[in-house]
Amino acid sequence: MGRFAIILCVWMGAVSAATDLEKRVSALAEELRCLVCQNQTLAESNAPLAVDLRNQMREQLSKGASEREVREFMVARYGDFVLYKPPFKASTAALWLGPFALLLAGAVLLVRRVRRRREPEPALSAAERERAAKLLE
Amino acid sequence: MKKLWLPLGFIALIVLLGVGLTLNPRQVPSPLIGKAAPPFELPRLDQPSKTFTQKEMLGDVWVLNVWASWCPPCLAEHPVVTELAKSVPVVGLNYKDAREDALPWLARNGNPYQLSVYDANGRIAIDYGVYGVPETYVIDRKGVIRYKHIGPLTPQDAQKKVVPLVKELRGG
């Protein structure tokens with residue numbers, strides 16, 4: 001009975017280690033782009049290269065590599081393009097700052113327009129007032 | 001003058017997006033340009049017992065061409081590679097192929113390669129950042145990658161880019 005319990009424990013430990021590794025592989029694969037079908041992540045794609053790369057990631061993680069090291073491995077070969085979240089540098093500044101610049105420009109336009117509208121309407125002359133009163137009767 | 005701002009901005013945006021549309025998203029700039037060609041030691045396609053390493057090409061300007069018998073674009077570019085091989089040594093990297101398919105393919109279509117190495121599981125191709133066969137690399141005398149072409153080489157690619165670059169690298 002004791003031996004059985006030990007075997008069970010070891011087996012369960014192995015299973016949970018394996019699922020932990022799978023979780024790490026798929027979490028990492030979620031943030032990397034498949035080079036073959038470029039609108040899919042490495043996790044979603046079934047292209048042969050995506051399968052190879054997932055195997056490669058699994059192998060490296062199981063050998064004790066960190067997520068960061070695996071990410072660097074991928075970037076060294078395929079460039080920043082593989083990252084769904086590219087790093088901020090000179091070549092990607094427009095990518096990161098562009099939306100905020102557009103937002104700012106929109107806000108400036110909006111504020112200007114609202115201010116212009118706030119200017120008081122020209123007052124009515126006595127004749128216009130009389131006419132308006134008649135119309136409202 | 002103020003009224004011009006909005007249409008001008010709009011036109012600028014259209015031009016930017018228009019340029020974006022003309023770019024090919026498949027042509028991903030390789031981070032390997034200017035770096036040493038990743039080292040490998042692989043069995044030869046024709047002689048499994050012999051290995052070949054990129055070090056043997058040191059001192060020469062050469063071309064590495066990734067190909068496979070299962071890859072139709074490789075067949076399409078084969079005449080271009082054959083022509084190119086007359087002026088520069090071309091080494092083939094046979095990618096995720098089977099010898100019994102690859103060797104008859106060469107026998108059928110001609111073998112322009114100085115030799116081909118056999119990357120059965122595609123592991124070395126990963127080091128070279130290969131993601132769409134065929135791919136072609138120009139490597140200089142010091143073993144540094146100077147150019148990478150993704151997809152089939154057209155005669156224009158070979159004549160306008162690869163051949164002049166090889167000449168330039170040989171001269172320098």
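I started with strand β3 of chain B, residues 62-67, and found it mostly covered, with 6 of its 6 residues buried. A reminder to myself: this is a predicted model.

Next I looked up which way the side chains of β3(B) point. B:W62, B:L64 and B:V66 go one way, while B:V63, B:N65 and B:W67 go the other. All of them are buried, so B:N65 sits in that list along with the two tryptophans.Then I turned to the neighbours of β3(B). On one pairing I noted strand β6 of chain B, residues 135-139, which runs antiparallel to β3(B) over 5 bridges. Within β6(B), B:Y137 is the bridge partner of B:L64.

I also checked strand β4 of chain B, residues 90-95, and here the pairing with β3(B) is parallel, over 5 bridges. B:W67 has B:N94 of β4(B) as its bridge partner. Following the chain from β3(B) to β4(B), I passed through helix α2 of chain B, residues 72-84, and this β-α-β crossover is right-handed.

A residue from further along the chain caught my eye: B:R170, which I placed in helix α5 of chain B, residues 155-171. How far is B:R170 from B:W62, in sequence and in space? I got 108 residues in sequence and 9.9 Å from C-alpha to C-alpha. Is B:R170 buried or exposed? It counts as exposed, because B:R170 has 12 C-beta neighbours inside 10 Å, and the cut-off for exposed is 12 or fewer.

Last, I looked at the chain contacts. On chain B, 11 residues are in contact with 13 residues of chain A. Sorting the chain B side by class gave me 6 nonpolar, 4 polar and 1 charged residues.

Note on methods. Residues numbered from 1 in each chain as written. Chains lettered and ligands numbered in written order. Predicted model: local features only at pLDDT ≥ 70, side-chain atom pairs only at ≥ 80, totals over all residues. Buried ≥ 20, exposed ≤ 12 C-beta atoms within 10 Å, placed from the backbone. Helix = DSSP H or I, 4+ residues; strand = E, 2+ residues; numbered from the N terminus. Pairing = 2+ DSSP bridges. Right-handed = clockwise from strand over helix to strand, strands pointing away. Contact = placed C-beta atoms within 7 Å. Nonpolar A, V, L, I, M, F, W, Y, C, P; charged D, E, K, R; others polar.
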